[in-house]
Amino acid sequence: MSISTSLRWLLLPLLALPVANGSSAPQAATAAAAPVADATPAPGAAAITPPSAAAATGPVWAGATWPWQRASTLAQLGRRQDTLLSGIRNTTTFEFQVRRDRLVRAAELDLAFTPSPSLLPTLSHLRVYLNDALMDVVPIGNDQLGRPVQAKVPLDARLIADFNQVRLEFVGHYTDICEEPTHSSLWVNLSSNSTLRLGGQPLAMQDDLANFPLPFFDPRDSARLELPVVFAGSPSVAQQRAAALMASYFGSMAGWWRQARFPVSFDRLPAQGHAVVMAVNGRFPSVIADHAPVQGPVIELRSLPDDPQRKLLLVLGRNDADLQTAVSAIAAGNVLFRGTRVQVDEVKPLAPRKPYDAPNWVRTDRAVRFGELLDYPQQLRASGIAPQPIVLNLNLPPDLFIWRNQGIPLNLRYRYTPPFSSDESRLSVGINDQFISSFPLIRRSGKQGLEEIRLPVLSGDAGAGDGKLLIPALKIGDRNQLRFDFNFASVMGSAQRDHCQTVLPPNLQAAIEEDSTIDFSGFHHYMGLPDLAAFALSGFPFTRMADLSETVVLMPPRANPAQVGLLLNLVGGLGVQSGYPAYGLRVSDDWKQAARLDADVLMLGELPQELRGSDQLSLMIDNQRTTLRNGRVGSPQEAVIEARLGSSGSDAAINRVGVTADAPFAAIIGLQSPHHAQRSIVSLAASKDADYALLDDALSDIGKREAIAGSVSILRSSGIHSQFVGEHYYVGSLPWWLLLWYHLADHPVLLAVLATVVVLMVAFLLWRALRWVSRRRLEAADQG
């Protein structure tokens with residue numbers, strides 16, 4: 001299932017928001033790189049005026065000069081690979097959304113496709129629909145067969161709404177008699193480089209907090225969230241915590257596929273776009289220097305005088321405590337906001353969070369219904385002769401202990417259109433592109449009912465139907481895809497010229513029931529650390545508590561904009577992973593104070609002196625000088641593999657190397673807390689302030705995050721090098737017998753010796769017990 005398909009239903013509740021003229025008129029789309037346009041004004045938007053040559057800044061397109069323009073390939077809209085349309089799977093749909101502050105006035109689809117060389121020209125063609133309205137028919141000519149084709153299809157911008165669908169239907173023929181719809185020559189390859197072009201103009205929104213989080217975050221915009229934050233100067237620790245909480249709130253809304261960044265500046269507005277200004281009385285930045293002192297926590301929305309389309313979100317207070325209260329209200333109570341200004345009276349926490357209850361993680365304390373895992377309605381439905389697979393996403397805690405278990409039970413209930421006869425129609429089940437098992441779809445007499453099955457994948461009788469499906473190949477701490485493929489076998493027709501028949505395809509339907517369950521309860525939480533892959537992919541161990549109530553961030557004194565920006569990006573990223581704001585986060589600039597806390601430490605900047613002499617420390621950065629202990633000899637690919645396995649490799653050298661160089665360099669280091677055995681420290685450091693961009697870039701790029709592993713990851717302009725140095729330490733708990741078995745599993749000789757000792761001890765105790773029983777019996781006989 002594509003990302004854009006998932007977005008469709010995630011965003012539907014927002015499509016009913018009112019627009020300026022009181023209608024739900026069209027609005028345009030956004031995709032991966034930049035905002036996309038609306039066809040109607042946002043709430044309180046300014047009146048629409050035609051673009052003029054004087055005011056326009058964009059290039060000429062579609063007969064006009066548009067101030068705003070957007071071009072998005074299908075790859076940017078979620079179709080990262082080419083799409084093959086065939087005779088029976090002849091339809092594809094892609095979606096795009098619309099920012100509320102954009103107006104689409106022109107739209108065009110640049111199609112790039114390659115048709116089969118066996119198609120009949122003219123009879124074969126593509127139909128293009130926008131929101132179920134036919135836009136154009138693209139015929140396939142004789143000179144286009146088997147060659148790449150470019151075709152421009154104009155789209156009616158008046159039909160563009162908040163959420164939009166473009167549907168392509170392939171009508172193909174390879175003969176004029178006895179045609180078989182499943183014939184292999186019926187195909188068209190749709191390139192992922194096909195481009196959707198939109199042109200229009202931006203719209204100014206009214207200053208009304210009732211629209212919040214608009215315009216700072218628009219869920220219709222699939223581009224990465226960029227929200228600058230402005231301080232008057234170097235913020236205090238409490239102000240940094242308030243800003244981090246705000247970043248985690250926006251990150252929790254942004255989602256893992258969109259990501260979020262929060263550039264920081266001191267007393268300087270960004271060159272473009274909206275921004276958040278955080279300040280306390282007596283330290284207002286120059287952009288709001290004329291603002292009167294506030295009398296409590298205040299949230300205010302205002303436009304820039306010289307550019308009404310740009311908005312500032314002012315988060316103000318008498319002191320740092322007021323600032324934190326205001327941000328907590330933004331994260332927890334913005335549904336109460338209205339007008340240009342609100343004053344917060346109170347914010348009180350009601351109940352603490354529990355471990356592993358992050359909204360973006362699958363529950364591990366009970367069985368979970370499939371209905372709880374849905375990204376959009378109808379996700380568990382499929383239809384057609386060759387239906388699309390049904391896909392469910394599973395995100396699991398990294399420390400879930402599934403070592404040598406018999407699998408995760410899955411109780412599956414499903415429905416399907418019964419086949420005409422007993423044939424090879426089957427339901428196949430897989431996870432992460434690995435096949436697990438399949439079941440025949442059997443014809444039943446009477447009404448088709450529900451089936452409850454259990455599939456023992458790991459045993460020899462897979463598919464026997466004892467009611468339990470055991471799932472291997474899980475990616476613990478990462479996103480998993482559970483996939484169900486309904487494959488219907490049916491007779492569509494005959495290509496024999498002496499026996500030509502036509503059979504209309506049936507309306508085949510299939511569904512997985514929402515009452516189906518997957519059960520991760522009963523599994524323990526236990527994991528070997530340091531493991532920077534768990535931190536990079538799921539924010540562990542910090543996201544163990546969704547509100548980060550067991551996390552403390554250690555900041556350098558008087559942090560500069562690069563360091564504060566990295567803090568916001570990090571905590572915003574943790575909000576992306578957990579799906580919950582960091583209400584419980586603590587921030588400190590005193591190592592001694594942070595070390596006393598029973599919490600995991602996220603450290604930015606230079607390491608404290610206490611940690612510099614630690615045996616676990618594999619890398620130390622001191623300005624332009626870096627020192628590496630136990631350097632890895634070998635390729636970066638081998639280093640990553642061994643880092644993920646927790647091994648330094650047999651060819652690792654026992655050495656210490658120090659170098660000095662004036663070039664970009666940064667590192668992520670994981671180690672155990674010296675004061676709390678169950679707590680971890682993750683340090684992010686850079687040679688210079690400018691090098692923090694390496695950390696920002698690596699942690700905001702999904703592909704680069706996958707290269708982070710082991711106990712240390714070195715970031716340079718050439719890429720990321722990861723390795724494991726030192727010993728594992730373990731967090732979590734196991735029963736004593738399982739703990740013993742787990743740690744002895746890699747030492748078979750020791751395990752055999754221990755087993756022999758145990759057997760001898762049991763035999764000795766049994767021998768003593770039998771001697772005692774025999775002696776008692778003899779004594780009883782003598783007395784008798």
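**Cavities, cores and salt bridges in a predicted model**

The second largest cavity in this structure is lined by 13 residues, and Leu529, Pro530, Asp531, Pro541 and Val682 are the ones that lie nearest its centre. A cavity here is a set of points, on a 1 Å grid over the protein atoms alone, where a 1.4 Å probe fits but cannot get out, and lining residues have an atom within 4 Å of a point. The model is a predicted one, in which local features need pLDDT of at least 70 and side-chain atom pairs count only at pLDDT 80 or more, while totals for chains, interfaces and linings use all residues. Residues are numbered from 1 along each chain as its sequence is written, and side-chain values use heavy atoms, with hydrogens and water left out.

To return to the second largest cavity, its volume is about 70 Å³, a volume being the space filled by probe spheres set on grid points that are joined across faces, edges and corners. Two or more lining residues come from each of helix H4, strand E40 (666-672) and strand E41 (680-686); helices (H or I, at least four residues) and strands (E, at least two) are DSSP runs numbered from the N terminus. E41 gives the most to this lining, with three residues. By class, the lining holds ten nonpolar residues, two polar and one charged. In this scheme Ala, Val, Leu, Ile, Met, Phe, Trp, Tyr, Cys and Pro count as nonpolar, Asp, Glu, Lys and Arg as charged, and the others, Gly among them, as polar.

Across the whole structure, the search finds five cavities of 30 Å³ or more. The largest of them has a volume of about 220 Å³. Its lining is made up of 17 residues, with Asn569, Leu570, Gly573, Leu574 and Leu699 nearest the centre. Strand E15 (260-261), helix H4 (532-538), helix H5 (561-578) and helix H9 (692-700) are the elements that give two or more residues to this lining. H5 gives the most, with six residues. The lining of the largest cavity divides into eight nonpolar, six polar and three charged residues.

Just beyond H5, Gly579 is found in the loop between H5 and strand E35 (586-588). Gly579 touches Ser252, Pro359 and Asn360, not counting residues up to four places away in sequence, where contact means heavy atoms within 4.5 Å. Gly579 and Ala546 are 33 residues apart in sequence, and their C-alpha atoms are 7.7 Å apart in space.

Next come the nonpolar cores. In soluble globular proteins, nonpolar side chains tend to be buried together. A nonpolar core is a set of buried Ala, Val, Leu, Ile, Met, Phe, Trp, Tyr and Cys residues joined through side-chain atoms within 4.5 Å; buried means under 20% relative accessible area, exposed over 50%, and partly exposed in between (1.4 Å probe, protein chains only). The largest core has 69 residues, and Phe250, Met278, Ile299 and Ile668 have the most contacts inside it. Helix H2 (residues 237-254) gives the most to this core, with nine residues. Another core, of 35 residues, lies apart from it and includes Leu74, Phe96, Val138 and Phe170. Beyond four places in sequence, Phe250 touches Phe212, Pro213, Phe216, Phe217, Leu225, Leu227 and Phe262.

Charged side chains also pair up, with a count of 31 salt bridges (a side-chain nitrogen of Lys or Arg within 4 Å of a carboxyl oxygen of Asp or Glu). In one of them, Arg220 pairs with Asp162, the closest N and O atoms being 3.9 Å apart. Arg220 lies in the loop between strand E12 (195-202) and strand E13 (225-226), and Asp162 in the loop between strand E9 (149-155) and strand E10 (163-171), so the pair ties together parts that are 58 residues apart in sequence. Both Arg220 and Asp162 are buried.

Arg369 forms a salt bridge with Asp515, at 3.3 Å between the closest N and O atoms. Arg369 lies in strand E21 (residues 367-369) and Asp515 in the loop between strand E31 (509-512) and strand E32 (517-519), so this pair ties together parts that are 146 residues apart in sequence. Arg369 is partly exposed, at 32% relative accessibility, and Asp515 is partly exposed, with a relative accessible area of 45%. Elsewhere, Arg544, Glu550, Asp598, Asp600 and Arg679 are joined into one network by salt bridges that share partners.

Notes:
1 Å grid on protein atoms, 1.4 Å probe; cavity = no way out; pocket = protein on both sides within 12 Å on 5 of 7 lines; lining within 4 Å.
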